Amino acid sequence: MAMLMSIIPPGVYGNSPREAKFLLEDQKRAFRDCMKLVLEGSDSEKLNHFHASAKSSFLAGFMEANDNFNDANQLKRLCILKPNPEMKMGLNSVAIVGSSILSLLRFGAILVESEPCVDTRFNEEDRQIIHTLLESLDIEEDVHNTSRYDMHHREGQGKKHERLDVHRSDLLNATERVVPAHTTFTHLCIFISHYIMNHEISLDEVEYGFMNNQKTPQGRRTKVPATIDPL
């Protein structure tokens with residue numbers, strides 16, 4: 001299908017960042033849900049559910065976007081239809097964001113089980129940082145109910161999800177830790193937030209279409225305050 005669309009004016013759709021942007025929005029939704037639950041909740045079963053929803057939706061979205069690009073790439077010998085290599089880099093970045101968020105969900109499950117008390121799970125500084133990161137996320141409202149992540153989330157509600165393969169022993173005793181677990185979680189959130197912010201800008205700059213002369217409209221822009229360093 002992408003190959004067919006590639007030769008129809010006005011654009012090479014397999015090379016368009018449109019699908020990657022949709023996937024990034026879903027990744028931001030999962031990232032938001034993870035931070036909120038670890039910050040405010042004590043139910044690791046919900047994190048199992050979030051992880052299952054995120055994993056299945058991320059894989060489906062990435063495979064579709066990647067297949068579209070690979071189909072369009074078969075026309076690379078035609079100079080006017082040659083896909084922009086920046087789109088492939090964009091897909092690689094989407095994969096990094098997705099795997100990072102899945103890892104964060106796993107770490108969050110460990111943290112919730114190891115530190116069951118919400119009030120003492122984070123110190124005030126880390127708690128404030130996560131609140132700020134949540135506020136900085138610019139997520140498109142899913143008014144048409146087309147979000148894969150939300151659909152997988154709704155379909156999975158009420159189902160028994162496999163427990164994430166985590167153990168309390170995965171976190172060292174407090175006396176053995178070089179950095180507290182809640183601080184490690186916060187640093188991971190900071191890294192992912194900055195990566196998302198930079199990736200949103202990169203996807204907006206991807207040119208596609210005949211002679212790579214088109215761009216998608218500017219998407220959402222996460223704005224992490226300059227006071228929160230990427231570490």
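How many disulfides does a search of the whole structure find? In this predicted model, the search returns zero. Two cysteines illustrate the result. Cys34 takes part in no disulfide, and the nearest cysteine sulfur, which belongs to Cys189, lies 6.4 Å away. Cys189 is likewise unpaired, with the sulfur of Cys34 as its nearest cysteine sulfur. Because a disulfide requires sulfur atoms within 2.5 Å, the separation of 6.4 Å excludes this pair. Cys34 is buried, at a relative accessible area of 0%, and Cys189 is buried with a value of 0%.

The chain contains eight helices and zero strands, and the order of its elements from the N terminus is α-α-α-α-α-α-α-α. Of its 231 residues, 48% are classed as buried. Among contacts between residues at least 6 apart in sequence, 84% connect residues at least 24 apart. The accessible surface of the chain amounts to about 12,200 Å², and carbon and sulfur atoms account for 54% of this area.

Nonpolar packing was examined next. In soluble globular proteins, nonpolar side chains tend to be buried together. The largest nonpolar core in the model comprises 47 residues, of which Phe31, Leu47 and Phe185 touch the most other members. At least two residues of this core are supplied by each of α2 (18-40), α3, α4 (85-114), α6 (124-136) and α8 (181-205). The greatest contribution is that of α4, which provides twelve residues.

Charged side chains form nine salt bridges in the structure. In one of these, Lys28 pairs with Glu200, with the closest N and O atoms 2.6 Å apart. Lys28 belongs to helix α2 and Glu200 to helix α8, so this salt bridge ties together parts of the chain separated by 172 residues in sequence. Both partners are buried: Lys28 has a relative accessibility of 0%, and Glu200 has a relative accessible area of 4%.

A further salt bridge joins the side chains of Asp204 and Arg221, at an N to O distance of 2.8 Å. This pair links distant parts of the chain, since Asp204 lies in helix α8 and Arg221 in the segment after α8, 17 residues apart. Asp204 is buried, at 5% relative accessibility, whereas Arg221 is partly exposed, with a relative accessible area of 22%. Together with Lys21, these two residues are linked in a network of salt bridges. Asp33 and Arg32 also form a salt bridge, their closest N and O atoms being 3.4 Å apart. Within this pair, Asp33 is buried at a relative accessible area of 16%, while Arg32 is partly exposed at 27% relative accessibility.

The surroundings of one polar residue, Asn66, were also analysed. Asn66 is located in helix α3, which spans residues 44-73. Its relative accessible area is 15%, and Asn66 therefore counts as buried, the cut-off being under 20%. When neighbours within four places in sequence are set aside, Asn66 is in contact with Lys88 and Leu91. With Lys88, the side chain of Asn66 makes a polar contact to the side chain at 3.1 Å. Asn66 and Glu19, which are 47 residues apart in sequence, have a C-alpha to C-alpha separation of 9.2 Å.

Key: Residues are numbered from 1 along each chain as its sequence is written. This is a predicted model: local features need pLDDT of at least 70, side-chain atom pairs count only at pLDDT 80 or more; totals for chains, interfaces and linings use all residues. Side-chain values use heavy atoms; hydrogens and water are left out. Buried means under 20% relative accessible area, exposed over 50%, partly exposed in between (1.4 Å probe, protein chains only). Helices (H or I, at least four residues) and strands (E, at least two) are DSSP runs, numbered from the N terminus. Contact means heavy atoms within 4.5 Å. A polar contact is a pair of N or O atoms within 3.5 Å; within protein, one must be able to donate a hydrogen and the other to accept it, and residues adjacent in sequence count only if both atoms are side-chain atoms. Accessible areas come from the Shrake-Rupley method with a 1.4 Å probe; for residues, only the protein chains shown count as cover. A nonpolar core is a set of buried Ala, Val, Leu, Ile, Met, Phe, Trp, Tyr and Cys residues joined through side-chain atoms within 4.5 Å. A salt bridge is a side-chain nitrogen of Lys or Arg within 4 Å of a carboxyl oxygen of Asp or Glu.
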